[in-house]
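Open the model in your viewer and keep the sequence panel visible. We will go from the whole chain down to single residues.

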Amino acid sequence: MTASRTPTIAEELRGAGLRVTAARVALLETVRDGDHLGVEAIASGVRDRVGHISLQAVYEALHALNAAGLVRRIEPPGSPALFEGRVGDNHHHLVCRSCGAVADVDCAVGHAPCLTASDEHGFSIDEAEVIYWGLCPGCSTTRSS
């Protein structure tokens, strides 16, 4: 019996039908190493790995990787788009109202889509996106001081 190995980023890109480029590999590494990163932070991480890359190229690569299901785009209201490498598990997010920190939280109840809508309006629901709002531990401590 052979142990299954984790595919390389290049194999993941090819498997998603995407061309393997140094910039895409660096971008996927940056997103996976980060924590709910904005486009500017991703561009900076890619530049640290491979040198110059335009912001437009970062946007285009993020769009392709998101469409392929290799990264997830989240857009908390009042915040720019953020990207993460945790995909395919229908998890949700906690967002601090004060500092904007974002943290992952597993599915609230049961199996995907986690919540049952009171009226589906004829839709076949396969996913729920929940954002919990509050104060992170650091901001809670600051406020109570």
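Start with the whole chain, coloured by accessibility. Buried residues (under 20% relative accessible area, 1.4 Å probe, protein chains only) make up 33% of its 145 residues. This is a predicted model: local features need pLDDT of at least 70, side-chain atom pairs count only at pLDDT 80 or more, and totals for chains, interfaces and linings use all residues. Residues are numbered from 1 along each chain as its sequence is written, and side-chain values use heavy atoms, leaving out hydrogens and water.

Show the surface. Its accessible area is about 9,100 Å² (Shrake-Rupley method, 1.4 Å probe). Carbon and sulfur atoms account for 52% of that area. Now reduce the view to the C-alpha trace. Along its principal axes the trace spans about 45 × 45 × 40 Å.

Switch to cartoon. There are 5 helices and 5 strands (DSSP runs: H or I of at least four residues for helices, E of at least two for strands, numbered from the N terminus). Follow the sequence and the pattern reads α-α-α-α-β-β-β-β-β-α. Consider contacts (heavy atoms within 4.5 Å) between residues at least 6 apart in sequence: 42% of them join residues at least 24 apart.

Select residues 22–33 and 39–50. These are helices H2 and H3. How do they pack? Their angle is about 125° and their axes are 9 Å apart. The axes are lines fitted to C-alpha atoms over the stretch in contact, and angles run from 0 to 180 degrees between N-to-C directions. That angle makes H2 oblique to H3 (angles under 35 degrees count as roughly parallel, over 145 as roughly antiparallel, 65 to 115 as roughly perpendicular, the rest as oblique).

Show side chains at this contact. H2 contributes Ala22, Ala23, Ala26, Leu27, Glu29, Thr30, Val31 and Asp33. H3 contributes Ala41, Ile42, Gly45, Val46, Arg49 and Val50. By class, the contact residues divide into 9 nonpolar, 2 polar and 3 charged.

Next, pick His36. His36 sits in the loop between H2 and H3. Is this residue buried or exposed? His36 is buried, with a relative accessible area of 8%. Check its backbone too: phi of His36 is near 55°, a positive value in a residue other than glycine.

Finally, select Val87, in the loop between strand E2 (82–84) and strand E3 (92–96). Val87 has 32% relative accessibility, so it counts as partly exposed (between 20% and 50%). Which residues does Val87 touch? Not counting residues up to four places away in sequence, they are Gly69, Leu70, Val71 and Arg72. Draw a distance to Val71: the two C-alpha atoms are separated by 6.2 Å, with the residues 16 apart along the chain.

Note on methods:
Nonpolar A, V, L, I, M, F, W, Y, C, P; charged D, E, K, R; others polar.
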